Amino acid sequence: MSFHANGAIEYARQLRQRRPKTADRARCKKSAAYRRRFGPATQNVEPKSASSYMAKKRKKAKAIKLAVSCPYCNQLAELHDSSVVYSRSYGKIWICFACKAWVGTHKDSKEHKPLGRLANEELREAKKKAHAVFDPLWKRKIVKDNVPKHEARHAGYSWLASRMEISVNECHIGMFDIHQCQRVVEICKPYTEKFSNKVNV
Ligand SMILES: [Zn+2]
């Protein structure tokens, strides 16, 4: 081995000695949250306990984000595949088995954001009736005015919101209670009937 190689090995050994031990290095990287939890770094603190503490904290934050409660019993709803209530799978649903209430989820949401509030059988029926009279109105606009689906639906909800005297942000059949669904039927039915008669003539 040459003189230069020996010198390099010796230098590397000295560097290793100067470097703090793994535990100390890990402690240097810890955040203010670590210091609040464990106080100033001491020789006895294991970095592993801090990382598991942070992992738990992250997990808890995630769990809070996903909490969906049942409006009938106020218990937390469970996330299941929709095949538990339908004959086939339509994606995930939030469900309260005790109240037989559920709601679908946004297809593009990683956290399975609910489409609205959980609905029991009575409310599901009311929502179906509301959609049956409201949807044909905005769908008609797609063909009549040649606009994209989302634009036609938004225009429909804007009109419905003004008729129901609520803000557009609050106006979604998925969010409505039974009384509001009945109002949708009252408001939309005359128009839906009128337009369907026109088509038939
Ligand atoms: Zn419930």
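# A tour from the loop at N74

Begin by selecting N74, which sits in the loop that links helix 4 (47–66) to strand 1. Keep in mind throughout that the model on your screen is predicted. N74 is exposed, because 8 other C-beta atoms lie within 10 Å of its own and a residue with 12 or fewer counts as exposed. If you display the backbone angles here, you will find that phi of N74 is near 65 degrees, a positive value although the residue is not a glycine. Most residues other than glycine have a negative phi.

**The whole chain**

Now zoom out and colour by secondary structure, where the protein shows seven helices and three strands. Reading from the N terminus, the order of elements is α-α-α-α-β-β-β-α-α-α. Of the 201 residues, 15% count as buried. Among contacts with a separation of 6 or more, 37% join residues that are 24 or more positions apart.

**The sheet**

Select the three strands next; they make up an open sheet with the order 1-2-3 and antiparallel pairing. Strand 1 (78–81) and strand 3 (101–104) are the edges, and each has a single partner strand, so one side of each has no neighbour in the sheet. On average, and with direction ignored, neighbouring strands of this sheet are turned by 35 degrees against each other. Strands of a sheet pair through backbone hydrogen bonds, and displaying these may help you to follow the next steps.

Look at strand 1 together with strand 2 (residues 92–96), a pair that runs in the antiparallel sense over four bridges. Select E78 and you will see that it stands opposite I95 in strand 2, and then select H80, which stands opposite I93 of strand 2.

Move on to the other side of strand 2, where strand 2 and strand 3 also pair in the antiparallel sense, over four bridges. Here W94 faces V103 in strand 3, while I93 has G104 as its bridge partner in strand 3. Strand 2 and strand 3 form a hairpin with four residues between them, and K100, in the turn, has a positive phi of about 50 degrees.

Is strand 2 mostly covered or mostly open? Four of the five residues of strand 2 are buried, and the strand is therefore mostly covered, a residue counting as buried when 20 or more other C-beta atoms lie within 10 Å of its own.

**The largest nonpolar core**

With strand 2 still in view, select W94, W102, L118, A130 and V184, which have the most contacts inside the largest nonpolar core, a set of 22 residues. At least two residues of this core come from each of strand 2, strand 3, helix 5 (121–145) and helix 7 (178–200). Which domains give residues to this core? Both domain 2 (67–104) and domain 3 (121–200) do, and the core therefore lies between them. In soluble globular proteins, nonpolar side chains tend to be buried together.

Centre the view on W102 for a moment: leaving aside neighbours within four places in sequence, W102 is in contact with V85, I93, W94, I95 and L118.

**Helix 5 and helix 7**

Turn to helix 7 and select V185, which is found there. V185 is partly exposed, with 15 other C-beta atoms within 10 Å. Not counting residues up to four places away in sequence, V185 touches K129, A130 and V133. For a distance to check in the viewer, take V185 and A126, which are 59 residues apart along the chain and have their C-alpha atoms separated by 9.0 Å.

Then cross to E125, whose place is in helix 5. E125 has 13 C-beta neighbours inside 10 Å and counts as partly exposed. The C-alpha atoms of E125 and C181 are separated by 9.5 Å, although the two residues are 56 apart along the chain.

**A last stop at N146**

Finish at N146, in the loop between helix 5 and helix 6 (149–164). N146 is exposed, with 8 other C-beta atoms within 10 Å. Its backbone has a positive phi of about 55 degrees, although N146 is not a glycine.

Methods. Residues are numbered from 1 along each chain as its sequence is written. This is a predicted model: local features need pLDDT of at least 70, side-chain atom pairs count only at pLDDT 80 or more; totals for chains, interfaces and linings use all residues. Two strands pair if DSSP finds at least two bridges between them. Axes are lines fitted to C-alpha atoms, for helices over the stretch in contact, and angles run from 0 to 180 degrees between N-to-C directions. A nonpolar core is a set of buried Ala, Val, Leu, Ile, Met, Phe, Trp, Tyr and Cys residues joined through C-beta atoms within 7 Å. Domain bounds come from an automatic or database domain assignment. Two residues are in contact if their C-beta atoms, placed from the backbone, lie within 7 Å.
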